[in-house]
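Hi,

Here is the structure I said I would pass on. Have a look at it first, and then read on for what turned up in it.

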Number of protein chains: 2
Amino acid sequence: MLTERQQDTLTFIQHYIRDHGRSPLVAEIADGLGISSQGTTHRYIQALVNAGLLERNVGRTRGLQLINQHDDQPEQPILSVILPVMGKIAAGRLIEAIPDESEIDLGDMFSGSNRFVLKVNGDSMIDKAILSGDWVVIQSQQTARHGEIVVALVDGYDATLKTLLTNDDGTVTLMPANENYEPVTLAAERVSIQGIVVGQLRTYP
Amino acid sequence: MLTERQQDTLTFIQHYIRDHGRSPLVAEIADGLGISSQGTTHRYIQALVNAGLLERNVGRTRGLQLINQHDDQPEQPILSVILPVMGKIAAGRLIEAIPDESEIDLGDMFSGSNRFVLKVNGDSMIDKAILSGDWVVIQSQQTARHGEIVVALVDGYDATLKTLLTNDDGTVTLMPANENYEPVTLAAERVSIQGIVVGQLRTYP
DNA sequence: GGAAAGTGCTTACGGAACGCCAACAGGATA
DNA sequence: TATCCTGTTGGCGTTCCGTAAGCACTTTCC
């Protein structure tokens, strides 16, 4: 039976390997556990090795290896893409750690009921930093508030991605974010909201 | 298990072959890794050959050859956040279905080994549609190619997100994407690449 | 109260990882 | 043939990292 700190150690190692693809240094484990002694940390590692939960390539840097404990498990479909967060990057400073946020879960960020993804075609939202080829995550809903970026159908046709502005006189304005396009003001009845933008994704080749 | 520099070496060779269509000289690898010793470089190459990742035509110039070996890893598909894709949205049309793509997997898009996430602070990449508050996914690596967006340390300090331009005279230029900032040209040795941007995420409140 | 277990710290040692340099060998080239 | 280019090998040093041992403090339980 593992002690509390032994369990912490194992958990940390598992997360580290999952996030970084290689095993941590003893010093990194110590840091992750919030203790400053590599010696103590090493004792925990040794306990895990003795318990048959870890394997060690003696003498090698980053030589730890997880033992697959029970791979007969039905592999539950975890919906989470977890990426480690290193910190904030800014001009003029080193990368700054973000307190209380060591990883981000794309599932948390973008998943949800009634959501779907659209691929953006065209540059009408370029001033809002949405480029052609980007993906936008849409929360499917029929209403939207002033200032939200919406997918809108005009007269049941003409689907566009625009910023929605609601005017006092009952009309709405669909405002592109590109000076080469003109805003369009229409009676609210003619505009059918399909959903609002809740996220945006881009990959680089 | 590869050490960090062995991994760097392999990555450099892969990129070099992809870019130039032939394998690099030992001296070129050394240069790419930022070390001046061909002997040290050769040791890394030897390690990769021993690991079965490279093949060598002994005695021949540019005799390195990559071994294709991605059949030994069953590639655990644990990580998947799947969102349905409705289609393309464009000005002037209904939402257009995208053939052969009914859903997208955020795991496929953004996961990978040696990746992490940074929160962007500041508007220096605004013309590349990366805003303050966005998240960028960084592929951790020590080398980058001309035109890639990189996380770079200047003189071991001053971490920035910039477009990397490699000049013919051995210097590199860190180019911000904001006309209010000035590009900086430096000797390549002073610039330490931390990784390249492979993705970008944004959520809307 | 005292033993045992759990947790933490410091110090020390040896090897791994990494880097440099010099020297040599063999193919390529003039 | 002589020279240059490139790959290869070995030695040396520095720094980083894993391992181990000893000491101290707290909690738990008999």
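Let me start with the second largest pocket, where α1(B) provides the largest share of the lining, six residues. Before going further, please keep in mind that this is a predicted model.

**The pocket**

The space in the second largest pocket comes to about 960 Å³. It is lined by 30 residues, and those closest to its centre are F12(B), D31(B), G32(B), T143(B) and A144(B). Besides α1, the elements of chain B that each give at least two residues to the lining are α2 (26-33), β8 (157-166), β9 (171-175) and β11 (191-203). In terms of domains, domain 1 (4-66) and domain 3 (112-201) of chain B each put at least three residues into the lining. If you want to think about chemistry there, the lining splits into 11 nonpolar, 13 polar and six charged residues.

**DNA strand C**

Now to the DNA. Strand C has 24 residues around it, with T40(A), R43(A), Y44(A), G59(A) and Y44(B) the closest. Both chains take part through their helices: α1 (4-20) and α3 (38-50) of chain A, and α1 (4-20) and α3 (38-50) of chain B, each supply at least two residues of the surface near this strand. Sorted by class, that surface has four nonpolar, 13 polar and seven charged residues.

What part of DNA strand C do the atoms within 4 Å of the protein belong to? Sugar or phosphate accounts for 57% of them, and bases make up the rest.

Here are some individual contacts to click on:

- T40(A) has a polar side-chain atom 3.3 Å from a base nitrogen of DNA strand C.
- R43(B) has a side-chain N or O atom 3.0 Å from a base oxygen of DNA strand C.
- S37(B) uses a polar backbone atom instead, 3.1 Å from a phosphate oxygen of DNA strand C.

So that you can sort them quickly: T40(A) goes to a base with its side chain, R43(B) goes to a base with its side chain, and S37(B) goes to phosphate with its backbone.

**DNA strand D**

Strand D is surrounded by 22 residues, the closest being L25(A), V26(A), R56(A), V26(B) and R56(B). Of the atoms of DNA strand D that come within 4 Å of the protein, 79% are sugar and phosphate. Helix α3 of chain A and α3 of chain B each contribute at least two residues to the surface near this strand. That surface contains five nonpolar, nine polar and eight charged residues.

The contacts I would show here go to phosphate oxygens. A side-chain N or O atom of R56(A) sits 3.1 Å from a phosphate oxygen of DNA strand D, and a side-chain N or O atom of R56(B) is 3.2 Å from a phosphate oxygen of that strand. V26(B) makes its approach through the backbone, with a polar atom 3.0 Å from a phosphate oxygen of DNA strand D.

**A few single residues**

On the backbone side, look at A129 in each chain. Most residues other than glycine have a negative phi. A129(A) is not a glycine, yet its phi is positive, at about 65°. A129(B), also not a glycine, has a positive phi of about 65°. Where are they? A129(A) is in the loop between β5 (115-120) and β6 (135-140) of chain A, and A129(B) is in the loop between β5 and β6 of chain B.

Is A129(A) buried or exposed? With a relative accessible area of 4%, A129(A) counts as buried. A129(B) is buried as well, at 3%.

The loop between β5 (115-120) and β6 (135-140) of chain B also holds G133(B). G133(B) is partly exposed, with a relative accessible area of 34%. Its C-alpha atom is 9.5 Å from that of L201(B), and the two residues are 68 apart along the chain.

Finally, V49(B) is part of helix α3 of chain B. V49(B) has a relative accessible area of 22%, so it is classed as partly exposed rather than buried, the limit for buried being under 20%. Between the C-alpha atoms of V49(B) and Q65(B) there are 9.6 Å, with 16 residues separating the two along the chain.

Cheers

How values were computed: Residues are numbered from 1 along each chain as its sequence is written. Chains are lettered from A and ligands numbered from 1 in the order in which they are written. This is a predicted model: local features need pLDDT of at least 70, side-chain atom pairs count only at pLDDT 80 or more; totals for chains, interfaces and linings use all residues. Side-chain values use heavy atoms; hydrogens and water are left out. A residue is near a molecule or strand if one of its heavy atoms lies within 4 Å of it. A polar contact is a pair of N or O atoms within 3.5 Å; within protein, one must be able to donate a hydrogen and the other to accept it, and residues adjacent in sequence count only if both atoms are side-chain atoms. Helices (H or I, at least four residues) and strands (E, at least two) are DSSP runs, numbered from the N terminus. Ala, Val, Leu, Ile, Met, Phe, Trp, Tyr, Cys and Pro count as nonpolar, Asp, Glu, Lys and Arg as charged, and the others, Gly among them, as polar. On a 1 Å grid over the protein atoms alone, a cavity is a set of points where a 1.4 Å probe fits but cannot get out, and a pocket is an open set with protein on both sides within 12 Å along at least five of seven lines; lining residues have an atom within 4 Å of a point. Grid points are joined across faces, edges and corners, and a volume is the space filled by probe spheres set on the points. Domain bounds come from an automatic or database domain assignment. Buried means under 20% relative accessible area, exposed over 50%, partly exposed in between (1.4 Å probe, protein chains only).
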